[in-house]
Amino acid sequence: MYKKVKLRKMGGSVGITLPKEIAEKLRVAEGHEVYLVETPDGVLVTSKDPKFEKVMEAYERGARKYKNALRELAE
């Protein structure tokens, strides 16, 4: 799926208006933030914080590696 949108001047910046169906798919509304991630194919617009994903991956690796130690600390 793709949508064509028009760029608009917003103060000193340029902005886009997300069509309703795209905003619903991203689960965003007025006041929410989205992230623009540069990829080899262009720019990805996402509602998920890319830094959060990396932190969670690191946590999961540590949790698997130190599963027994974490279990003992929880007791």
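**Figure 1. Close-up of A74 in helix α3 of the predicted model.** A74 belongs to helix α3, which covers residues 67–74, and the structure shown here and in the legends that follow is a predicted model. With a relative accessible area of 67%, A74 is exposed, since a residue counts as exposed over 50%. In sequence A74 and D49 are 25 residues apart, while in space their C-alpha atoms are 29 Å apart.

**Figure 2. Close-up of E75, in the segment after α3.** E75 is found in the segment that comes after helix α3, and at 78% relative accessibility E75 counts as exposed. Between the C-alpha atoms of E75 and L36 there is a separation of 42 Å, the two residues being 39 residues apart along the chain. L36, the other end of this distance, lies in strand β3, which is made of residues 35–39.

**Figure 3. The nonpolar surface patch that includes L36.** V5, L7, V14, I16, L18, V34, L36, V43 and V45 together make a nonpolar surface patch of about 770 Å². Two elements, β2 and β4 (42–46), give two or more residues to this nonpolar patch. L36, from strand β3, is one of the members of the patch, and its relative accessibility of 63% places L36 among residues that count as exposed.

**Figure 4. The largest pocket and the residues of its lining.** About 290 Å³ of space lies in the largest pocket of the predicted model. The pocket is lined by 14 residues, of which I16, T17, L18, H32 and V34 are the closest to its centre. Strand β2 (residues 13–16) supplies the largest share of the lining, namely three residues. By residue class, the lining of the largest pocket divides into ten nonpolar residues, three polar residues and one charged residue. I16, L18 and V34, which are among the lining residues closest to the centre of the pocket, are also among the residues that make the nonpolar surface patch.

**Figure 5. The salt bridge between E21 and K3.** The count for the model comes to one salt bridge, and this salt bridge is formed by E21 with K3, whose closest N and O atoms are 2.8 Å apart. Because E21 lies in helix α1 and K3 in the segment before β1 (7–10), the pair ties together parts that are 18 residues apart in sequence. E21 is partly exposed, with a relative accessible area of 32%, and K3, at 43% relative accessibility, likewise counts as partly exposed; both assignments follow because partly exposed residues are those between the limits of 20% and 50%.

**Figure 6. Close-up of R27 in the loop between α1 and β3.** R27 is located in the loop that runs between helix α1 (20–26) and strand β3. Although R27 is not a glycine, R27 has a positive phi of about 60°. The relative accessible area of R27 is 74%, so R27 is exposed.

Definitions and conventions
Residues are numbered from 1 along each chain as its sequence is written. This is a predicted model: local features need pLDDT of at least 70, side-chain atom pairs count only at pLDDT 80 or more; totals for chains, interfaces and linings use all residues. Side-chain values use heavy atoms; hydrogens and water are left out. On a 1 Å grid over the protein atoms alone, a cavity is a set of points where a 1.4 Å probe fits but cannot get out, and a pocket is an open set with protein on both sides within 12 Å along at least five of seven lines; lining residues have an atom within 4 Å of a point. Grid points are joined across faces, edges and corners, and a volume is the space filled by probe spheres set on the points. Helices (H or I, at least four residues) and strands (E, at least two) are DSSP runs, numbered from the N terminus. Ala, Val, Leu, Ile, Met, Phe, Trp, Tyr, Cys and Pro count as nonpolar, Asp, Glu, Lys and Arg as charged, and the others, Gly among them, as polar. Patches are made of residues with over 30% relative accessible area and no salt bridge: like charges are joined within 9 Å, nonpolar side chains (Val, Leu, Ile, Met, Phe, Trp, Tyr) within 5 Å. Accessible areas come from the Shrake-Rupley method with a 1.4 Å probe; for residues, only the protein chains shown count as cover. A salt bridge is a side-chain nitrogen of Lys or Arg within 4 Å of a carboxyl oxygen of Asp or Glu. Buried means under 20% relative accessible area, exposed over 50%, partly exposed in between (1.4 Å probe, protein chains only).
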